[in-house]
Amino acid sequence: MPRELLLQVTPEIAANELLLRDYLSKQIKVSPKEIQHVSILKRSIDARQKAIKINLKVLIYMAGEPFQETKIELPIYKDVSKAQEVIVVGAGPAGLFAALQLIELGLKPILIERGKDVRGRRRDLKAINVDHLVNEDSNYCFGEGGAGTYSDGKLYTRSKKRGDVTRILELLVAFGASDDILVEAHPHIGTNKLPKIIEDIRKKIIEFGGQVLFDTRVTDILVKNNEVEGIVTQNGDTILANKLILATGHSARDIFELLDKKKIFIEAKPFALGVRAEHSQELIDSIQYSCDYRGEHLPPAPYSIVKQVNGRGMYSFCMCPGGVIAPCATSPGEVVTNGWSPSKRDQVTANSGIVIELKLEDFKPFAKFGALAGMEFQKSIEQKAWHLAGETQKVPAQRMIDFTQNKVSADIPKTSYVPGTTSVEMGQVFPGFLSQILREGFKEFGKSMRGYLTNEAILHAPESRTSSPVRIPRDPITYEHLQIKGLYPCGEGAGYAGGIISAAIDGEKCALMIAETLK
Ligand code: FAD
């Protein structure tokens, strides 16, 4: 039987197979030659002490012990081209994993996506970064792979169901992700690797008889006697099916408006909102690793911070070590920030959303919009920021200490945000109570992370698409919409996921629920 061991080693030993073998042989008092193979089961960084350690969980196979390299395989898919059709709207993680699961269950997905395929999308990302042009169907949020495609690809989630998480991670590995994601405590994939994985998922869906339609925006959902009949696209084409997974993400405002107009029950949902802060990665490394130089064996340091300020949670969100701030607007006339990183996280800057939890009562000034009040509140801030920064894709920016002191920054250095910044007193972007919490909160952050509160850090506004401002309510057991039969609200847009992994899990669950009803 291979021996399982938990150990703490230096980053250098953890990064070098020979050194690790040597170390283990001393620990278990055998010669290194007697160790046939070491499998790493889990890896995490312990940066609590000055001398940083790597926690490892390993399996040691001694010479003569049976050992076989395990290869993660895809499930067995069968051709579904003639099977019952299910419409899936949105090719984000929720829609893609719903489609794969439907095929596994012998059902035919018709996957409908308003945006372009991953390659076509690149041109539109360039247009928003360089020419300040926002394509309403193809941008950082819309297009094949959804909002997660050009992201940091962080794959951790608060989901407690480890089995579900492992299944999604294994599928990603089977589609080409590094198997390190199965081992790391905080796995991520990176913007450069995600598009190929997503492309391969799409090819598999088509290979086994699923249909994938790009450049196809759903503009209506056909409903008769409170039952789904199909959808209508922007060209007026109709696609009929009585099962519909609606996985359109948190930025599909036209879908929320459509549901509201058709009196399909939706409700306002609190979300979080704030700014995106950028520091040099070197500074974050020095704070997190208590060192002047990170060295070659430690990854660029992430951070995670939560504070209660004036009775509200203020916390870091979607932190991207070695990453870049991206323009994530989905309509002209607004600006939105978020962040991405390449797989090596080798950019010189570190950015993170720093957001405050909102409450439904904050949306009161927009009460006339009913269930869309939170969405209108969000929109108003994005539009105000666009206006204040000069009505391009430039964003309002301010140095961090200047912000805490209500002082317009005399200058803003070049940041990773390619469209550029305009020096603005950030307090103008947000309602007064939010600016006040942010100001207090940054001072608190500075006390917990010495060096964090610095004028070298640049705040960009707004970070506003943290989760959906709307929930599309569904039955907790069947996942079917509470009012409309055959409609399965799914993923982040419906309010049932937050992030790539949880959206993928939710997509699979919706597919499973549909298969249940068809038994
Ligand atoms: P989405 O990914 O939003 O997908 C919805 C899809 O529906 C889109 O492709 C959209 O084009 C399509 N759609 C919308 N309306 C229509 C319509 N009318 N007709 C047809 N199609 C439509 N999460 C993480 O876990 N880790 C990260 O590191 C991370 N980084 C991020 C970085 C950026 C820049 C962004 C924008 C997001 C990031 N996220 C990250 C969040 C993550 O991407 C989302 O949580 C996740 O993609 C939600 O999945 P989803 O399938 O529910 O929705």
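**Helix α3 against helix α6**

I looked up the crossing first: α3 passes α6 in a left-handed way. A crossing is called left-handed if the near helix is turned anticlockwise from the far one by less than a right angle, and right-handed if clockwise. This is a predicted model; local features need pLDDT of at least 70, side-chain atom pairs count only at pLDDT 80 or more, and totals for chains, interfaces and linings use all residues. Residues are numbered from 1 along each chain as its sequence is written.

I noted the ranges next. Helix α3 covers residues 93-104 and helix α6 covers residues 194-207. Helices (H or I, at least four residues) and strands (E, at least two) are DSSP runs, numbered from the N terminus. The two helices pack at an angle of about 35 degrees, with their axes 10 Å apart. Axes are lines fitted to C-alpha atoms, for helices over the stretch in contact, and angles run from 0 to 180 degrees between N-to-C directions.

Which residues meet here? From α3 I listed L96, A99, L100 and I103; from α6 I listed I198, I201 and I205. Contact means that the C-beta atoms of two residues, placed from the backbone, lie within 7 Å. By class, I found seven nonpolar, no polar and no charged residues in the contact of α3 with α6. Ala, Val, Leu, Ile, Met, Phe, Trp, Tyr, Cys and Pro count as nonpolar, Asp, Glu, Lys and Arg as charged, and the others, Gly among them, as polar.

**The five-strand sheet**

I traced an open sheet of five strands in the order β6-β5-β4-β10-β22, with parallel pairing. Strands pair if DSSP finds at least two bridges between them. β6 (211-213) and β22 (487-489) stand at the edges with a single partner strand each, so one side of each has no neighbour in the sheet. Neighbouring strands of this sheet are turned by 15 degrees against each other on average, direction ignored.

I then checked one pair. Strand β5 (residues 108-112) runs parallel to β6, and three bridges join them. L111 has V212 in β6 as its bridge partner.

After β6 I stopped at D215, in the loop between β6 and β7 (218-224). Its phi is near 50 degrees, a positive value in a residue other than glycine. Most residues other than glycine have a negative phi, and most peptide bonds are trans. N226 has a positive phi too, near 60 degrees. N226 lies in the loop between β7 and β8 (227-233).

Is N226 buried or exposed? N226 is exposed, because 12 other C-beta atoms lie within 10 Å. D215 has 16 such atoms, so D215 is partly exposed. The cut-offs: buried is 20 or more other C-beta atoms within 10 Å of a residue's own, exposed is 12 or fewer, partly exposed is in between, and C-beta atoms are placed from the backbone.

**The seven-strand sheet**

I moved on to residues 270-466. An unreviewed UniProt entry places "domain: FAD-dependent protein C-terminal" there. UniProt positions are in the numbering used here, feature names are shortened, and annotations may be inferred rather than shown by experiment. Over residues 270-466 the chain is 24% helix and 27% strand.

Seven strands form an open sheet in the order β13-β14-β17-β12-β20-β18-β19, with mixed pairing. The edge strands are β13 and β19 (421-423), each pairing on one side only. Neighbouring strands of this sheet are turned by 30 degrees against each other on average, direction ignored.

At one edge I found a hairpin: β13 and β14, with two residues between them. N310 in the turn has a positive phi of about 50 degrees. Four bridges join β13 (residues 306-309) to β14 (residues 312-320), which run antiparallel. Q308 stands opposite G313.

Strand β12 (residues 272-280) and β20 also pair in the antiparallel sense, over four bridges. A277 has L459 in β20 as its bridge partner. Helix α9 packs on the sheet and touches β12, β18 (395-399) and β20. In β20 I also looked at P462. A cis peptide bond joins A461 and P462, with omega about -10 degrees.

**Two loop residues**

L372 sits in the loop between β17 (349-357) and α9 (373-388). L372 counts as buried because it has 22 C-beta neighbours inside 10 Å. Beyond four places in sequence, L372 is in contact with F256, E257, D260 and V470.

Y452 lies in the loop between α11 (432-448) and β20 (458-463). Y452 has 20 C-beta neighbours inside 10 Å, so Y452 counts as buried. Not counting residues up to four places away in sequence, Y452 touches I287, F445 and G446.
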